[in-house]
Amino acid sequence: MLFILRRVLSTVPVLLIVALIVFAMLRLTPGDPAAALVGNNSNSEDIARIRTSLGLDEPVPVQFVRWAGKALQGDLGESYYMKQSVTHLIAQRIGPTLSLSALTMLITLSIAIPLGILAAWRHGGWLDRSLMSFSVLGFSVPTFVIGYLLIWAVALHWKLLPVQGYTPINESFSGWLSHLFLPAVTLSIVYLALIARVTRASVAEALTEDYIRTARSKGISELRILVRHALTNAAVPIVTVIGIGIGLLIGGVVVTETVYAIPGLGQLTVDAVLGRDFPLIQGITLFFSFAYVLINLLVDLSYVLLDPRIRY
Amino acid sequence: MATQNKILKNTSVRIGLSALTLLLCMAVFAPWLYTIEPTAMDPSSANILPGVTAEFSDLSGDTFDHLFLMGTDSLGRDTWSRVAYGARISLTVGLCVAVLSLIGGTLCGVAAGYFRRLDNALMRVMDSLMAIPGILFAITLMALWRPTVATVVIAITIPEIPRVARLVRSIVLTIREEPYVEAAVSLATSTINILWRHILPNAIAPLLVQGTYVCASAILVEAILSFLGVGLPPEIPTWGNIMADGRTQFNQYPQTVLFPGFFLAITVLAVNILGDGLRDTLDPKFNKRTG
Amino acid sequence: MVKWLISRCVVAVSFAVIGFAGNCHAEDSSKVLRIVPQADLKILDPIWTTAFVSRNHGYMVYDQLFGIDAKGQIQPQMVDTYTKSPDFKEWTFTLRKGLSFSDGQPVTSEDVIASVNRWAKRDVFGQVMATQLDKFEAIDANSFKMTFKTPFPMTLEALSKPSGNANFIMPKRVAMTPADQQITEYIGSGPYVLKMDEYKPGAKIVYLKNEKYVPRAEEPSGTAGGKRVFVDRVEWVILKDAQTQANAIANGEVDLIEWMPADQYAALKDNPKLELLKPTPAGSFDLHLNHFVPPFDNPKIAQAAIMAVNQEALMRAQMVNKDLYRPCVSIYPCDSPLASTDTGYFTGKPQFEAAKKLLKEAGYDGKPVVLLFPADFAVLNKFPPVLAQLLKQAGFNVDMQSMDWSSLVTRRTSKEPADKGGWNMFITGWGPGDMMNPMFFPPLTGNGEKGWFGWTTDPKLEQLKADFMAAATDDQRKKIAKELQLQTYQTGIFAKVGDFDYITVVRKGVVTGLVPSTVNAFWNLKKN
């Protein structure tokens, strides 16, 4: 228990520094954010008034503490254009992004792990080699190129699926699936390549261990050996890379949502950036970073379940 | 020099290097490869199909016939010319990011690995930097700064530094325990000397491998930034920009997206294959180092 | 075993989360009209900005005192009866019975007076009217009176103003918001109600039928007549990508595209399931220059920039198909009675040598001119790259800055120098409702800081406008209109880029009832 607590506490300085970096990035703005907010008949008094109301004339450390304090309470400020709180905007758009990510993970894991295991089992065989080539390809072809190719083939040529948009799951399950299927496949390619590769490498290594030889000589079925023994011992690196890959997933979400016009957090990010909507950019970056840290925390904690040898 | 031979005999390295050499030639010799000015536009020759010869009259009134190998985009710019010149940006950005991130990461990694007092703080900062998704970081910086090649390079480099730093740090931590390093210390050799003569030579191989992966990633990120509209200005031909422009008419004229996309994929693939080859010959234990 | 567990957990958790996070509403999809608006709706105050998308939003949730029918005649809308004195100095109005805001409050004279006053502070014509207005008072809850210092025959034109800033009536408490700040409450008395809890800028804007709206008995015509609503729900689906818009309507995922992106014309024209309509007369694109900061505060440099314009190249790049555009040098649409070809020097064809000469004479220092580029606005985003090239050939250094349309609309309010967050030039489109009358045309101002973005100071222009308003005959008006055009080009306030057709795409047989008008009207639409 104490180990878990210590591990959780160790994320606090990381989160703090992340907040500091995000805050610092936006204070590097050239030009005056206050001037950007004032309307048509602006004069220096109006600008000064807005600067004070935004707290921009206070010393920077004070600004940071104030901002961080509000952020802890869930107040990430207000978007420059839409008179709505950043938190509200993020909450509105999180549904499609979560759906997309979940579906992507589902597709990825259910394909990558079995493939990786198979390739490791038939080490050096044609499956192994083609998997390795495919995985390099998966890393190299940009997500949006894959997206457009898929749109062209599936949605336009064969007219199987819609090309854009999003239906929430409680409106229509088939609508939800048909809208998200192509984007999820697009996004999963990169993730697939990564996970399949690592799965193969670690399972291959696990298969060289002595206990595998012992299990085989005991007459245990190959399937049981692969799943029960090899995979569980290879689990740690695989789960690690799943966690690290979340970073890739987030980046990919931004591009995929743009290609398929899905109104999620990725689109919101692009809109915020094109509009130089700094509070929104700040809020989203903070949100994603925290999500990444927390997911990796869960991954680390899951080691305790996966590998009894690991103790903190 | 045996290592060099070994490297060059590796199939992956050969494939990767040859492809990259070809692309480099395309970039350097672009003006002589049947290209026209990549920013020249002729709206009345928009969306010409690949392989068609047509009349091109640029905005100052000069007219001439030209065979458009890859067709033209929505503003009437020759896609092949833009793709050829676009290679310059992609390769430059990739190389610069790789070099800068290797330098930056090495400095941080050495500092953290060798000077124990800095280790904890520095590694916390590196962890935090890694927590911010690289694309988001780059996008945010580009939103703040004026888009030039320099700012794009810096925006992509910063998120790449932590991984290199970790790599170098783990090498430093391993090497400094070696007997010959202890011996050098007891002989009062200067720190710089130790770093230069003992530690760095062991780092070169993994750094080279990591460098190629960083290069590939940088090329991709630059394309994504341009595609999303926050990269280099649209007049500068980069593969991402060409694809961003072609997006709006993808159904009718997919060539504007697919041609640069193909070159982008080939380039990144070549760099990745090169990296795999280097890793296999120089440092097979590479994957264990970074974790 | 572990993998099985993990994947099952992921699936279960994700479904649970999505179930809670998703939207919860069921609807009969046959009464939902899905429209793709021309741009994202981030600014909900149609008085604070002149952006068309905000104006169109205004027409959804607000109503006007008077409307303009398809023949160009001004008809009462919220007003029931009115009288005017023979000397045009006194105007008395009585509102229709039963007018109420969507929250149930009745519309009173106090609301009208506050709304018109706020409009008059922002709108170019409203400012003119405000200087002439002596008294503006309520007689009782339903009637009010306007008294002018001098004869003001264009009162009804002001109250029915369709665009620029359209004259919308809001509740008094909302209209009391200072004119330089945006309103924060969006209750109106129009045919629709904005559903705030589903307002997702960048994704979807939802309007519901306003059950409290009492349409007039007449047939709808222009912005006048009965604004009947035949659907329960209208969704503005924000799709910025032209290709995505085309795909969506071809697939039936949306029902109407307000402003067809020109590069989709060829594909959409041949689709048997779609119908291309021209509900409004031709519009124009103009290049606007900032005269408040260097270098265009120097008319010679402004003229040089205007000489760089190549109308054919610019219009071809943006509108693609020759069916959809026409070069036209007049500042009015070429099919309007006020159009003429007198411009002094502007031919619509590039004059690079003359421009370079002017730059040298004026002593242009080579500092880059900032050209604003709305990268996400499919109907405007092809101009800037072409213009940048043209300007470079004319001897300018150009700094083309990408941003989204909402940022451009906000950035153009900046009076700072261009390198400190200001701007020098941008291109935008105007509808017939804006250009039909020089008094209405927002960019045609010479009153410096009080004028439209660009803040040109040109007393002669203002004098000509006063003359136009006082003119008695059509011939006199035509003559003054011509001089206004000459003066515009002389000072280099703005330049015409070309005329274009504004095409709306609907699903054939599914959507009917589109009302021809000078602005986009989304009432009277039926979905089958």
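A disulfide is taken here as a pair of cysteine sulfur atoms within 2.5 Å. In the predicted model, a search of the whole structure on this criterion returns 1 disulfide over all chains. The bond joins Cys328(C) to Cys334(C), with the two sulfur atoms 1.9 Å apart. The torsion about the S-S bond of Cys328(C) and Cys334(C) is about 95°, and the disulfide is therefore right-handed. The two partners differ in their exposure class: Cys328(C) is buried, with a relative accessible area of 3%, whereas Cys334(C), with a relative accessible area of 43%, is partly exposed.

Two cysteines of chain B may be set beside this pair. For Cys96(B), the closest cysteine sulfur belongs to Cys215(B) and lies 9.7 Å away, which is too far for a bond; Cys96(B) itself counts as partly exposed, at 32% relative accessibility. For Cys108(B), the closest cysteine sulfur is that of Cys96(B), and the separation of 19 Å is again too far for a bond.

Attention now turns to the interface of chain A and chain B. The size of an interface is often given as the accessible area lost when the parts come together. By this measure chain A and chain B bury about 3700 Å² between them, and 79% of that area is on carbon and sulfur atoms. Within the area that chain A buries against chain B, 17% is supplied by Met25(A), Phe144(A) and Tyr148(A), more than by any other three residues. In terms of residues, the contact takes 44 from chain A and 42 from chain B.

As to specific polar interactions, 1 salt bridge is found across the interface of chain A and chain B. In this salt bridge the side chain of Arg197(A) meets that of Asp276(B), at an N to O distance of 2.9 Å. Across the interface of chain A and chain B, 4 residue pairs are in polar contact, where both residues have pLDDT 80 or more.

The side of chain A that touches chain B draws at least two residues from each of several helices of chain A, namely helix H2 (11–27), helix H7 (126–140), helix H8 (143–157), helix H9 (173–207), helix H11 (222–260), helix H12 (265–274) and helix H13 (278–306). When the residues on this side of chain A are sorted by class, 33 are nonpolar, 8 are polar and 3 are charged.

Notes:
Residues numbered from 1 in each chain as written. Chains lettered and ligands numbered in written order. Predicted model: local features only at pLDDT ≥ 70, side-chain atom pairs only at ≥ 80, totals over all residues. Heavy atoms only, no water. Contact = heavy atoms within 4.5 Å. Buried area = accessible area lost by both parts, 1.4 Å probe. Salt bridge = Lys/Arg side-chain N within 4 Å of Asp/Glu carboxyl O. Polar contact = N/O pair within 3.5 Å; in protein donor to acceptor, adjacent residues only side chain to side chain. Helix = DSSP H or I, 4+ residues; strand = E, 2+ residues; numbered from the N terminus. Nonpolar A, V, L, I, M, F, W, Y, C, P; charged D, E, K, R; others polar. Buried < 20%, exposed > 50% of the residue type's maximum accessible area, 1.4 Å probe, protein only.
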